Amino acid sequence: MAKARIGLYEVKGDTLTRTHRSCPKCGPGTFLAEHKNRRSCGRCGYAESRAPPPPKGKSPKSGG
Ligand SMILES: [Zn+2]
């Protein structure tokens, strides 16, 4: 009996959301490892850079 992997999917209401991106080379069955600033596939070695986090704190508005 195989136990389903927990944590790769997130169910919100009636929508199933993938929390992990799948590898474009290996297919939807292989998920990329989440790193701080990139994702990598432990199977084929594929890696992609993640988008930088949005700036927070200072706002360009109301300068002075
Ligand atoms: Zn891969």
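Select alanine 33 and serine 40 together: serine 40, in β6, is the bridge partner of alanine 33. The model on screen is a predicted one, and this pair is the starting point of the tour.

**Alanine 33 and its surroundings**

Keep alanine 33 selected; the residue belongs to strand β5. Is alanine 33 buried, exposed or partly exposed? It counts as partly exposed, because 14 C-beta neighbours lie inside 10 Å, and a buried residue would need 20 or more. Next, display the contacts of alanine 33 beyond its neighbours within four places in sequence: these are Arg39, Ser40 and Gly42. Serine 40 therefore appears twice around alanine 33, as its bridge partner and among its contacts under the 7 Å C-beta criterion. For a view back along the chain, add arginine 21, which is 12 residues away from alanine 33 in sequence. The C-alpha atoms of alanine 33 and arginine 21 are separated by 8.3 Å.

**The sheet β5-β6-β7**

Now extend the selection to strand β6, residues 38–40, which pairs with β5 in the antiparallel sense over two bridges. Adding β7 completes an open sheet of three strands, ordered β5-β6-β7, with antiparallel pairing. Which strands stand at the edges? They are β5 (33–34) and β7 (47–49); each has a single partner strand, so one side of each is left without a neighbour in the sheet.

**Beyond β7**

Move on to proline 52, in the segment after β7. Proline 52 is exposed because 7 other C-beta atoms lie within 10 Å, and the exposed class covers counts of 12 or fewer. Select asparagine 37 as well, 15 residues from proline 52 along the chain. The C-alpha to C-alpha separation of proline 52 and asparagine 37 is 7.2 Å.

**The hairpin β3-β4**

Return towards the N terminus and select strand β3 (residues 22–23) with strand β4 (residues 27–31), an antiparallel pair held over two bridges. How many residues join β3 to β4 in the hairpin? The hairpin connection runs through three residues. To locate one of the bridges, pick cysteine 23 and its partner in β4, glycine 27.

Then select serine 22, which lies in strand β3. Serine 22 is partly exposed, with 15 other C-beta atoms within 10 Å. Leaving out residues up to four places away in sequence, serine 22 touches Gly27, Pro28, Thr30 and Phe31. Glycine 27 thus recurs in this part of the tour, as the bridge partner of cysteine 23 and as one of the residues touched by serine 22. To relate serine 22 to the opening pair, add serine 40, which lies 18 residues away along the chain. The C-alpha atoms of serine 22 and serine 40 are separated by 9.9 Å.

**The whole chain**

Finally, clear the selection and colour by secondary structure. The protein chain has seven strands and zero helices, giving the pattern β-β-β-β-β-β-β along the sequence. Of its 64 residues, 5% count as buried. Among contacts with a separation of 6 or more, residues 24 or more positions apart account for 0%.

How values were computed. Residues are numbered from 1 along each chain as its sequence is written. This is a predicted model: local features need pLDDT of at least 70, side-chain atom pairs count only at pLDDT 80 or more; totals for chains, interfaces and linings use all residues. Two strands pair if DSSP finds at least two bridges between them. Helices (H or I, at least four residues) and strands (E, at least two) are DSSP runs, numbered from the N terminus. Two residues are in contact if their C-beta atoms, placed from the backbone, lie within 7 Å.
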